[in-house]
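Visitor: I would like a close look at one part of this protein, the surroundings of a single residue beside the ligand, and then at how that part sits within the whole. Please take it slowly and connect the pieces as you go.

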Amino acid sequence: MSRLQSLPPYLFSSLDAAKAKARAAGVDVVDLGIGDPDLPTPPSLLDAMAAAVRNPSHHRYPAQRGGALLRSAIADYMARRHGVTVDPSGEVLVLLGSKEGLGHLPLALLEEGDVALVPDLGYPVYAQGTLLAGGEPRTFGLKPENGFLPDLSTLPGLFDERVRLVFMNYPNNPTGAVATPAFWSAAAELCGEAGAVLVNDAAYLEVTLDGSRPVSMLASADHRTRRVIELHSLSKMFNMTGWRVAFAVGNAGVIADLGRVKESMDSGVFGAIQETAALALGPDCESLLAGVMAPYAVRRDVILAALADAGFEVFPSPATFYVWVRVPAGEGSVAFCSRALEEIGLVITPGVGFGPGGEGWFRISLTAPDERIAEGARRLKEWR
Ligand SMILES: Cc1ncc(COP(=O)(O)O)c(C=O)c1O
C-alpha cells in the first residue's frame, strides 16, 4: 500500500455533505462543529501588521527558522508566562502553524517502520504525519475514568525498540482534559527511559476559561536532559488561525532535526507576521489573552446550562473552547450527531471522528457568535 493510500478516510465527509444538503434545503443550520475562532484578531495586532507589511525588508525571504526578534520574544514569553528557560538560538523554532510542525516531526524522527505512539482519541495529524513518514502509528487509549489522560502504568507495555516518538496533547482537543506537573514529569521519565521523544501539542495551552494558569510540559520535564518538545500556536491565543504562525520549544537536538526537515520544505513565516507575533507575545500578551478568552467562558456557561437542563453528562474541564458531552445511552456518536442535524438543525462533532476511543461522546465548539450559541442552546434544551 502506498503512503497516500495508508491515510485514513476523512470521517467528517458524510456529515459535511449532510450539512450542505440541509442548508440547500433552507434549514437554518447552527454550526457548533468547527473549532475555528469566529472573532477577529485584536485590533492592536492588526494595526501592527498593517504597518509591518509596508516594511520592504519583509518582502524578501524571511529568516527560515524565525528571526531573532520573534525567537527572543518566544523565549521571554516562555520565561514570563511558564517559568521555562529556553535558549532562543537553539531551542526555539518558528512554525507555519503547529499543524505543520506536528506533520513534519515524524519525518525528522522516524525511519521506515519506526513507531509513534498516538492517542486514541486525538487530532488526526499525529497518525497521518507518521504514516506519511513511512512510520507506524500505535495507539494508546484515553479513558474517561483516567480523566482522558493516558494510564502511565500501562504505557510501558506499548514500548519496544521501534518506538521513537510519543504524541500527547494537553490541554486536549476534543475532551478539554488538562495535565498536571506530576503527570508531565512521570511521562517524560517513561519516554526518556524508552528512548522515545515526547512531544506535547500545546495548541490550546492558553485557552483556559476559569482564569487558571496553563501548565507547560517543559516546566516539569527538563528539555536540557530529556528529548522533549512542546508545540505552541498563536492560532487560538489571538484569533489568528488564518495567519499561520506557531513555534516549537524544547530539546535542542530535536529542534535541530525538525529544523533540518523544514529547511527542505519551506522558507519560513512572512516577516510581517513574525513581527506581529513578537508583539503579541510581548508585555501586552496577558491583557490580549484575557480579551480573547472572555467570550468563551460566557458561551460555555450558556451551553452548559442547556445541557444540564436537557440531562446530558458533560466532562468537566477548565480548558479549550470545546465542551465534551456523553451521547445518550444506546446511540452511536455518528447516528446521534446526524439526528441532531436532522431534527434540530444543529451541527456537532461525533467523538468517533477523533478515533474509536471517542465513541459515545460528541463535541460542541464555542467558536460561533454569541447569538448562534444561544440559539444552539435553546434547540438543545427543547430537544430532549
Ligand atoms: C489539537 C490541535 N493541535 C494543533 C492544531 C493546529 O493548529 P495550528 O496549525 O493552527 O497551530 C489544532 C487545530 O485545530 C488542534 O486542534
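**N173 and its surroundings**

Guide: In this predicted model, a polar side-chain atom of N173 lies 2.8 Å from an oxygen atom of the ligand. The residue is placed in the loop between β5 and α7 (181–193), and it is buried, because its relative accessible area of 6% falls under the 20% cut-off. Its side chain also makes a polar contact, at 2.9 Å, with the side chain of R363. Leaving out residues up to four places away in sequence, N173 touches G122, Y123, Y204, Y322, F354 and R363.

The ligand itself is surrounded by 15 residues, of which the closest are D201, S233, S235, K236 and R244. For R244, a polar side-chain atom lies 2.7 Å from an oxygen atom of the ligand, whereas for K99 it is a backbone N or O atom that lies 2.9 Å from a ligand oxygen.

Two of the residues named so far lead on to the aromatic side chains. F354, which N173 touches, belongs to one aromatic cluster together with F148, F315, W324 and W361. Within the whole structure a search finds 19 aromatic pairs. The rings of F148 and W361 have centres 5.4 Å apart and planes at 85 degrees, so this pair is edge-to-face. It links distant parts of the chain, since F148 sits in the loop between β4 (136–141) and β5 (163–168) while W361 sits in strand β12 (residues 361–365), 213 residues apart. F148 counts as buried at 0% relative accessibility, and W361 counts as buried at 4%. F312 and F362 form a further edge-to-face pair, with 5.7 Å from centre to centre and 80 degrees between the planes. Because F312 lies in the loop between α11 and β9 (322–326) and F362 in strand β12, that pair ties together parts that are 50 residues apart in sequence. Both F312 and F362 are buried.

From here the view can widen to the nonpolar interior. In soluble globular proteins, nonpolar side chains tend to be buried together. The largest nonpolar core here has 98 residues, and V166, M168, L198, F238 and I364 are the ones that touch the most other members. Helix α11 (residues 285–309) gives the most to this core, with 10 residues. Domain 1 (3–40 + 286–383) and domain 2 (43–284) both contribute residues, so the core lies between them. M168 shows what such a position looks like in detail: apart from its neighbours within four places in sequence, it is in contact with F140, P150, L155, F183, W184, A187, L198, V199, N200 and D201. One of these contacts, D201, is also among the residues closest to the ligand. A second, separate core has 21 residues, including V125, L165, I229 and A246.

The two domains can also be described through their contact. Their centres, taken over C-alpha atoms, are separated by 25 Å, and 36 residues of domain 1 are in contact with 40 residues of domain 2.

Helix α10 (residues 271–280) adds another covered element, with eight of its 10 residues buried. The buried ones are G271, A272, I273, Q274, T276, A277, A278 and A280, and they pack against α3 (43–52), α4 (68–82), α8 (234–237) and α11. Helix α11 is thus met again here, having been named above as the element that gives the most to the largest core.

R227 offers a contrast in exposure to N173. With a relative accessible area of 40%, R227 is partly exposed, whereas N173 is buried. R227 lies in the loop between β6 (197–201) and β7 (228–233), and its C-alpha atom is separated by 8.5 Å from that of G195, 32 residues apart along the chain. Not counting residues up to four places away in sequence, R227 touches L109, A196, V197, L198, N251, G253, V254 and D257. L198 in that list is one of the core members that touch the most others.

Conventions. Residues numbered from 1 in each chain as written. Predicted model: local features only at pLDDT ≥ 70, side-chain atom pairs only at ≥ 80, totals over all residues. Heavy atoms only, no water. Helix = DSSP H or I, 4+ residues; strand = E, 2+ residues; numbered from the N terminus. Buried < 20%, exposed > 50% of the residue type's maximum accessible area, 1.4 Å probe, protein only. Contact = heavy atoms within 4.5 Å. Core = buried A, V, L, I, M, F, W, Y, C linked by side-chain atoms within 4.5 Å. Domains from an automatic or database assignment. Phe/Tyr/Trp six-rings, centres within 6.5 Å; stacked < 30°, edge-to-face > 60°. Near = heavy atom within 4 Å. Polar contact = N/O pair within 3.5 Å; in protein donor to acceptor, adjacent residues only side chain to side chain.
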